[in-house]
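User: I am new to this structure and would like a close look at one part of it. Please explain that part step by step, and then say how other parts of the chain are arranged.

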Amino acid sequence: MTKAVEDDATQKAIKLGSAERDVIALGIAVAAIILFVGTGGSVMPKIMRAWMGTGQAPDTMLTNAVLLNIALLIFGWRRYSDLRREVHERRRAEATARQLAETDALTGCLNRRSGVPAIDQLLHRARITERETAVFMIDLDNFKQINDLNGHQMGDHVLATIATRLRETLPAGSVLARIGGDEFICAFIHQPKGPDEVERIATSAIGAVSSTIEEDRALVEPTCSLGIASTEQDKDENRPLDAEALIHRADIAMYHAKKTGRNRHFWFEPQLEDELRLRNELESAIRRGIPAGEFVPFYEQQIDLATGELVGFEMLARWKSPRYGLVSPEVFIPIAEEIDLISDLSECLIRQALRDAGDWDASLTLSVNISPVQLRDPWFAQKLLHLLVESGFPAARLEIEITESCLHENIGAVRTIVSSLKNQGIRISLDDFGTGYSSLSQLRSLPFDRLKIDRSFVSDLAREGSTTELIEAIISLGKSLSLPVTAEGIENPDVLETLRAMGHLKGQGYLYGQPEDACATRKRLAELQLLRSLARGEILAKQAITDTDGAELPQRKAG
């Protein structure tokens, strides 16, 4: 017997016992009344006359029987009254418990347990009256930050205030439920062909949530993302939408509203569900693919533009997925960052790249891109140094590339990590220069070794009527700060000649060939005689690593 069944049986037994006690108490009282009427009618007058001295007292036994009857009557009635009061208190306690079980204590809204059935009832009423039902999924933006900066007491006040504002904004008869920490669902009936009405209510709800909230001289300006789903969007009479389906659709729309900038609303569209399903499949595939060794480094050549000589490679991530084929990093890198797997993925790729580059010529460098998420890890420098020691790759030949956007998230943490890497001999490049907001003071205070011009500026040189002033300014800035410059995205000879005329630069791009995997890169280097000779021990170690890449390396990574 399950616990739920046992609890139900216990409650029934308690109620049955209470009913039996009521019947017994009432039976005693009724029996006492009947007995009193039957015997007291003849005996009581005699007792009264004897008490007044005008008559003879009745038999003692009869007198005792009447007195006992009176006592039973009083006892039965009192017991019956007590039981009635007990039943009343129990029913009131049950009603209170039911309310607590169905209501969110903080906001007074329904909770998910009661909210979903309430929306189903709303849907039923709407169908009877031939109207439609709209559901909002509302999620507060950056609510964790509100708690972290102002404390959980302020966070609770914000939630309670927003719940009150939503009640005032929604139409009469609406359902409002809090289904998560900072998530609310709202449902209301609207007229057919009434998207304008729904849009107006959604806009009002976002405006109400976004108004400033003040508590103990602390000011909070919350915003929210709102997803909308309506029964009017699906007219399949054989499969009418229920509450769970509408909530699911509104949740998908809300997620899209967050992804497109937050503080806005978005209607559910069928393709959004397909996108979310693909996204979930990609997340699962990435989680499986990292320990399975599906993510591999590719290498893009870096050339000295003045001499045309190969001077190094930039490591680029690729995903050789059994299901999706060769996947571009533009697809999987943002997902890996969001699901907090970018550090594991990057470490796996860097480890393999350092091994691949172990027998490159000593003149060749290896550049590696670092995610902004990794720079939030205070142990990142130590992890990277561990990889260098593990592979035996010289720190002076490794170049870490960070983007300008990293400088604005936490300049103090970036400075600490960059300084730690520099102290070990690793070089640091500022990638995608010109697309962010780095200041001259940051360029002077942080020990960068190189600037990389973003490929978008280099690609513009191929357009007719384009000018070179911006790139020339970046190169001039690099010279003034004693920072060499690399140009990305060189794809045609005319752009190459233009860049050559601007000074001594490094360059990379598809003009020199597509990025290649480790095998193709080794073949290229062998043809150029840029593979150094290894000692016999190093050859055996490298062969052992190559032979076990499919089995031991994933286990070592997972450990």
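Is Ile-474 buried or exposed, and with which residues is Ile-474 in contact, leaving aside its neighbours within four places in sequence?

Analyst: Ile-474 is buried: its relative accessible area is 5%, and a residue counts as buried when that value is under 20%. The model is a predicted one, and the values here are computed from it. Ile-474 sits in helix α16, which covers residues 469-480. Setting aside its neighbours within four places in sequence, the residues in contact with Ile-474 are Phe-433, Leu-451, Ile-453 and Phe-457. For Ile-453 there is also a distance: the C-alpha atoms of Ile-453 and Ile-474 are separated by 7.6 Å, with their positions 21 residues apart along the chain.

That residue belongs to a chain of 559 residues, of which 42% count as buried. The chain contains 20 helices and 16 strands. Taking contacts between residues at least 6 apart in sequence, 69% join residues at least 24 apart. The exposed area of the chain is about 30,000 Å², and carbon and sulfur atoms supply 54% of that area.

Next come the helix pairs, beginning with α5 and α6. Helix α5 runs over residues 152-169 and helix α6 over residues 195-210; their axes come within 9 Å and cross at roughly 150°. An angle over 145 degrees counts as roughly antiparallel, and α5 and α6 are therefore roughly antiparallel to each other. The crossing in which α5 passes α6 is right-handed. On the α5 side, the contact involves Ile-162, Arg-165, Leu-166 and Thr-169, and on the α6 side Ile-201, Ser-204, Ala-205, Ala-208 and Val-209. By class, the residues of this contact are six nonpolar, two polar and one charged.

Two further residues can be placed against this pair. Gly-207 is in helix α6 and is partly exposed, with a relative accessible area of 38%. The C-alpha atoms of Gly-207 and Thr-169 lie 9.6 Å apart, although 38 residues separate the two along the chain. Thr-169 is one of the α5 residues that make the contact with α6.

After α6 comes Thr-212, in the loop between α6 and β4 (213-215). Thr-212 is partly exposed, at a relative accessible area of 41%. Apart from its neighbours within four places in sequence, Thr-212 is in contact with Arg-165, Leu-219, Val-220 and Glu-221. Arg-165 is among the α5 residues in the contact with α6. Thr-212 and Val-158 are 54 residues apart in sequence, and their C-alpha atoms are 9.7 Å apart in space.

A second helix pair is α8 and α9. Helix α8 spans residues 270-292, and its axis and that of α9 come within 10 Å and cross at roughly 80°. Angles of 65 to 115 degrees count as roughly perpendicular, and α8 and α9 are therefore roughly perpendicular to each other. From α8, Arg-279, Leu-282, Glu-283 and Ile-286 meet Val-331, Phe-332, Ile-335, Ala-336 and Glu-338 of α9. This contact has six nonpolar residues, three charged ones and no polar ones.

Loops on either side of these helices hold residues with a positive phi. Asp-340 is in the loop between α9 (329-338) and α10 (342-356). Asp-340 is not a glycine, yet its phi is positive, about 60°. Asp-340 is exposed, with a relative accessible area of 58%. Asn-263, in the loop between α7 (243-259) and β7 (265-267), is not a glycine either and has a positive phi of about 55°. Asn-263 counts as partly exposed, at 38% relative accessibility.

One more residue, Pro-117, is in helix α3, which covers residues 112-128. Pro-117 counts as partly exposed, with a relative accessibility of 38%. Pro-117 and Asp-242 are 125 residues apart in sequence, and their C-alpha atoms are 9.6 Å apart in space.

To return to the request: Ile-474 is buried at 5% relative accessible area, and its contacts beyond four places in sequence are with Phe-433, Leu-451, Ile-453 and Phe-457.

How values were computed:
Residues are numbered from 1 along each chain as its sequence is written. This is a predicted model: local features need pLDDT of at least 70, side-chain atom pairs count only at pLDDT 80 or more; totals for chains, interfaces and linings use all residues. Side-chain values use heavy atoms; hydrogens and water are left out. Helices (H or I, at least four residues) and strands (E, at least two) are DSSP runs, numbered from the N terminus. Buried means under 20% relative accessible area, exposed over 50%, partly exposed in between (1.4 Å probe, protein chains only). Contact means heavy atoms within 4.5 Å. Accessible areas come from the Shrake-Rupley method with a 1.4 Å probe; for residues, only the protein chains shown count as cover. Axes are lines fitted to C-alpha atoms, for helices over the stretch in contact, and angles run from 0 to 180 degrees between N-to-C directions. Angles under 35 degrees count as roughly parallel, over 145 as roughly antiparallel, 65 to 115 as roughly perpendicular and the rest as oblique. A crossing is left-handed if the near helix is turned anticlockwise from the far one by less than a right angle, and right-handed if clockwise. Ala, Val, Leu, Ile, Met, Phe, Trp, Tyr, Cys and Pro count as nonpolar, Asp, Glu, Lys and Arg as charged, and the others, Gly among them, as polar.
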